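Dear colleague,

Please find below the structure that I promised to hand over to you. After it I have written out, step by step, what was found in it.

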Amino acid sequence: MSGIRSTGFLHLGNYFGAIRNYVRMQDEYECYFMVADVHSLTTHPDTKELKPNVHRVLAENVACGLDPEKVALYCQSHLYETGELYMYLNMLAYKGELEKTTTFKDKARQHPENVNAGLLTYPVLQAADILLHRATLVPVGKDQEQHLEMSRNFANRFNHRYGDVFPEPYAFNFGEQLIKVPSLDGKGKMSKSENQYATIYLSDEDDMIRKKIMKAKTDAGPTEPGTPMPDYIENIFLLMKLVSSNEVLDKFLDDYNRAVIRYGDMKKQLAEDMVVFVRPIREKAEAIRNDQKYLRDIMEAGAEKARKRAAETMEKVREAIGLKYY
Ligand code: ATP
């Protein structure tokens, strides 16, 4: 189970941290993937862009290879059971631990005018999304590690207080370390809502991709051999590892080690490889976004599949809590 907020254009971080694994999992596992539209309300109260954003997230997921026939691809707000489980889990979550969550502190600092209770209880809603399907594997990027730990805590508290209902969910990347795709300005991660010019979107036109990559921070000349690689150079290599061939990566690593690297050439190569990677996804997503009937069919079928599992879980939850009075 996993989800992506409908807060804007999907980017390379969403792809490599999350969607790539959704696609890898779809043949082997029972999968539930959602557009987290309710989560987006915690930081994006203006809903003018909500509908196009929801459509965009759906279309971009499918364009990346997610097959709505194989998985339940649905909208968070269409699954009312989530709200009910969120309510019960809120009684097991403590104000102190929620206030200590890194994402809450970051978002509260960025938007002091809108520190709402939904933002504070974001990890509880996320736990409800996951536990509603009694999911065990959650394909996410590194930024979600702390939230997953909180989901496990809430699951264990529930089981301890009311009886075993939930397995423990873990962040999943096929046994590899979780991924963080860095932003091009060397500050933090690529993100839908921040760092627009330092994030490569799956919808970026070829020239925009070239422009953004060429502006990425590097040094004027090679680093002295034997000195540690600066973060911003490491980031360029990391991006290259994601989209370029091994031969290309090895060539530039070798150039770096011999202190003969030309960063301009490296960025040009990276930009071209990035263009080749993004273009087919962008073109496919555009076509899907224009097919409103297809999008509606995906959402309806996805919600129906998800609801089956959710209804089963909620029966167990109500019974365990003792909400059956006759
Ligand atoms: P927002 O800026 O609105 O918070 P976001 O870009 O951080 O959005 P989310 O919707 O919060 O994206 O996350 C969707 C999925 O993408 C999650 O699994 C998250 O871990 C992953 N993800 C987001 N950004 C990155 C990144 N830069 N590197 C790796 N994974 C990422």
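Before the findings, one term is needed: helices (H or I, at least four residues) and strands (E, at least two) are DSSP runs, numbered from the N terminus. The model is a predicted one, in which local features need pLDDT of at least 70 and side-chain atom pairs count only at pLDDT 80 or more, while totals for chains, interfaces and linings use all residues. Residues are numbered from 1 along each chain as its sequence is written.

I begin with the domains. The chain is divided into domain 1 (2-180 + 291-321) and domain 2 (204-286), with bounds that come from an automatic or database domain assignment. The centres of the two domains, taken over C-alpha atoms, are separated by 32 Å. To the contact between them, domain 1 gives 5 residues and domain 2 gives 4 residues, where two residues are in contact if their C-beta atoms, placed from the backbone, lie within 7 Å. On the side of domain 1 that touches domain 2, helix 3 (residues 50-63) gives the most, with 3 residues. The residues of that side divide into 4 nonpolar, no polar and 1 charged; here Ala, Val, Leu, Ile, Met, Phe, Trp, Tyr, Cys and Pro count as nonpolar, Asp, Glu, Lys and Arg as charged, and the others, Gly among them, as polar.

Next comes a sheet. It is an open sheet of 3 strands in the order 1-2-3, with parallel pairing, and two strands pair if DSSP finds at least two bridges between them. Strand 1 (2-5) and strand 3 (72-75) are the edge strands, each of which pairs on one side only. From one strand to the next, the twist averages 20°; for this and the other angles, axes are lines fitted to C-alpha atoms, for helices over the stretch in contact, and angles run from 0 to 180 degrees between N-to-C directions. Strand 1 and strand 2 (residues 32-36) pair in the parallel sense over 4 bridges, and Ser2 stands opposite Phe33 in strand 2. Strand 2 and strand 3 likewise pair in the parallel sense over 4 bridges, with Phe33 standing opposite Leu73 in strand 3.

The side chains of the edge strands can be followed one by one. In strand 1, Ser2 and Ile4 point one way and Gly3 and Arg5 the other way, and all are buried; a residue is buried if 20 or more other C-beta atoms lie within 10 Å of its own, exposed if 12 or fewer, and partly exposed in between, with C-beta atoms placed from the backbone. In strand 3, Ala72 and Tyr74 point one way and Leu73 and Cys75 the other way, and all of these are buried too. Helix 3, named above for the domain contact, lies across strand 1, strand 2 and strand 3 and runs at about 150° to strand 2. Helix 14 (residues 292-321) also packs on the sheet, where it touches strand 2 and strand 3, and its direction makes about 100° with that of strand 3.

Now to the interior. The largest nonpolar core, a set of buried Ala, Val, Leu, Ile, Met, Phe, Trp, Tyr and Cys residues joined through C-beta atoms within 7 Å, has 81 residues, of which Leu89 and Ala128 touch the most other members. This core draws at least three residues from each of domain 1 and domain 2. Leaving aside neighbours within four places in sequence, Ala128 is in contact with Thr82, Leu85, Tyr86 and Leu89. Why is helix 8 (residues 122-131) described as largely enclosed by the rest of the structure? The reason is that 10 of its 10 residues are buried, among them Ala128 and Asp129.

A few single residues remain. Glu81, in helix 4 (residues 81-90), counts as partly exposed because it has 18 C-beta neighbours inside 10 Å. Glu81 and Asp129 are 48 residues apart in sequence and 9.2 Å apart in space, C-alpha to C-alpha. Arg134, in the loop between helix 8 and strand 4 (137-138), has a positive phi of about 45° although it is not a glycine. Phe174, in the loop between strand 5 and helix 10, also has a positive phi, near 50°, and counts as exposed, with 10 C-beta neighbours inside 10 Å.

With best wishes
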